[in-house]
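Here are a few exercises to work through with the model open beside you. Try each task before reading its solution.

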Amino acid sequence: MGSVDDLMGQLADSTKRLTKSQLVGLSDMSSSEAKRFKELWQGLGVVRRRQIIVQLTIEVGENVELNFDSVFTSCLSDPDEIVRTKAIEGLWECQEPGLIRILTSLLKDDSSQIVRAAAAKALGVFVLLAELGEIRQHYAEQLEAALLNVIKNSTQDLELRQRALESISYFSHEPIFEVITEAYRGEEQPMKVSALRAMGRNLDSRWLTILLKELSNPQSDIRLEAAKACGEMGDEKTVIKLIERSEDEDSGVQLAAIQALGQIGGKRAINALSGMLKHREPKVREAAREALQEAQFVSDPMSLAI
């Protein structure tokens with residue numbers, strides 16, 4: 001246990017810069033080390049706890065061989081909302097079903113809206129696993145009930161309802177189609193944006209008519225989400241409209257349309273992307289180059305084989 005004590009002693013001073021070697025020392029802790037870590041963690045000041053948890057989320061994003069799940073799980077009960085939020089974000093690769101109970105509890109009962117929204121977002125991973133049949137049915141039922149309870153309660157925080165809608169959308173059965181439709185047709189603009197994002201995740205072909213229409217919406221945030229959703233859907237029926245949006249006046253929409261063309265692939269998309277390699281804007285040329293590689297792979301997986 002001395003190594004954990006020594007390490008936590010080194011990490012305690014918020015005036016000192018965190019080093020990669022110190023942070024790596026928190027990876028793959030044994031159960032006894034994790035227990036000792038939790039005992040020592042609260043002895044650190046809130047500023048230092050925030051510094052450490054933020055840096056750990058960065059490190060795990062850059063190096064998938066690192067595993068700070070023990071740290072992040074311990075921090076889900078931290079008294080500081082920023083630490084709890086970052087701990088949830090850090091667990092983005094964790095697929096342990098046991099985490100569902102913790103996240104649904106945070107979704108329901110946490111005192112912080114940002115923590116609840118982060119939990120709603122994180123549950124999307126498990127909804128997808130449930131849809132793919134990779135976790136037991138009773139987990140799917142728990143997930144659906146918890147997220148629907150948030151979505152259908154108009155008194156809940158708007159961002160929370162958005163994240164819950166986006167997460168539940170991986171389920172493909174009819175009641176979820178109806179929930180997304182209701183959000184899209186509602187009067188709350190942010191929920192409509194989330195509904196379009198949900199359509200891309202839901203992958204029901206019935207969304208295509210809506211997505212094609214919204215690619216011409218006067219509001220750029222709507223066009224952006226419609227373009228992204230078209231990419232997720234992967235249907236070549238959207239290619240012509242996406243080519244039009246590749247010259248959109250809004251650069252975000254423009255780049256989203258180019259990326260979507262890469263996700264869809266096919267001869268028409270490849271030809272359009274090839275033409276963009278000579279575009280006047282460097283960022284468009286670079287986006288087209290990356291999208292073209294993806295489109296070629298989608299159309300012929302052996303085309304990029306070495």
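A salt bridge here is a side-chain nitrogen of Lys or Arg within 4 Å of a carboxyl oxygen of Asp or Glu. Keep in mind that this is a predicted model.

**Exercise 1. The overall picture**

Task: Work out how many helices and strands the chain has, and what share of its residues is buried.

Solution. Start with the secondary structure: there are 18 helices and 0 strands. Next, take the extent of the C-alpha trace, which spans about 65 × 45 × 35 Å along its principal axes. Then go to burial: 47% of the 306 residues count as buried. The chain exposes about 15,500 Å², and carbon and sulfur atoms supply 49% of that area. Finish with the contacts: taking those between residues at least 6 apart in sequence, 63% join residues at least 24 apart.

**Exercise 2. Into the core**

Task: Find which residues touch the most other members of the largest nonpolar core, then list what I88 is in contact with.

Solution. A bit of background to begin: in soluble globular proteins, nonpolar side chains tend to be buried together. In this chain the largest nonpolar core has 97 residues, and L26, I52, V71, I88, L103, L165 and L242 touch the most other members. Helix α8 (residues 113-131) gives the core its largest share, with 10 residues. Now zoom in on I88. Skip its neighbours within four places in sequence, and I88 is in contact with L76, L103, L106, V115, A118, A119 and A122.

**Exercise 3. R197 and E225**

Task: Decide how close the N and O atoms of R197 and E225 come, and whether E225 is buried or exposed.

Solution. First, the distance: the closest N and O atoms of R197 and E225 are 2.6 Å apart, and the two form a salt bridge. Second, the location: R197 sits in helix α12 and E225 in helix α14 (residues 220-233), so the pair links distant parts of the chain, 28 residues apart. Third, accessibility. R197 has a relative accessible area of 29%, so it is partly exposed. E225 has 4%, which is under the 20% cut-off, so E225 is buried. Last, look around the pair: R197 and E225 belong to a network of salt bridges that also links E159, R163 and E166.

**Exercise 4. Two more charged pairs**

Task: Place E174 and R206 along the chain, then say whether D248 and R245 are buried or exposed.

Solution. Begin with the charge count: the chain has 37 positive and 47 negative side chains, and the centres of the two sets lie 3 Å apart. Side chains of opposite charge can pair when their charged atoms come close. The structure holds 22 salt bridges, and one of them joins E174 to R206, with the closest N and O atoms 3.0 Å apart. E174 is in helix α11 (residues 174-185), while R206 is in the loop between α12 (189-202) and α13 (208-214), and the two are 32 residues apart. E174, at 36% relative accessibility, is partly exposed, and R206, at 41%, is partly exposed too. Now turn to D248 and R245, whose salt bridge has its closest N and O atoms 2.6 Å apart. Both D248 and R245 are buried.

**Exercise 5. L18 and Q162**

Task: Say where L18 lies and where Q162 is found, and name what each is in contact with.

Solution. L18 lies in the loop between α1 (2-11) and α2 (20-24), and with a relative accessible area of 16% L18 is buried. Its contacts, beyond neighbours within four places in sequence, are L11, R48, Q51, I52 and Q55. Q162 is found in helix α10 (residues 158-168) and is buried at 12% relative accessibility. With the same neighbours left out, Q162 is in contact with P190, M191 and S194.

**Exercise 6. Positive phi**

Task: Look up phi of D28 and of L203, and place both residues in the chain.

Solution. D28 has a phi near 55 degrees, a positive value in a residue other than glycine. D28 lies in the loop between α2 and α3 (31-41). At 52% relative accessibility, D28 is over the 50% cut-off, so D28 counts as exposed. L203, also not a glycine, has a positive phi of about 65 degrees, and its place is in the loop between α12 and α13.

Methods: Residues numbered from 1 in each chain as written. Predicted model: local features only at pLDDT ≥ 70, side-chain atom pairs only at ≥ 80, totals over all residues. Heavy atoms only, no water. Helix = DSSP H or I, 4+ residues; strand = E, 2+ residues; numbered from the N terminus. Buried < 20%, exposed > 50% of the residue type's maximum accessible area, 1.4 Å probe, protein only. Contact = heavy atoms within 4.5 Å. Areas by Shrake-Rupley, 256 points an atom, 1.4 Å probe, with all protein chains shown as cover. Lys, Arg positive; Asp, Glu negative; His and termini not counted. Charge placed at Lys NZ, Arg CZ, Asp CG, Glu CD. Core = buried A, V, L, I, M, F, W, Y, C linked by side-chain atoms within 4.5 Å.
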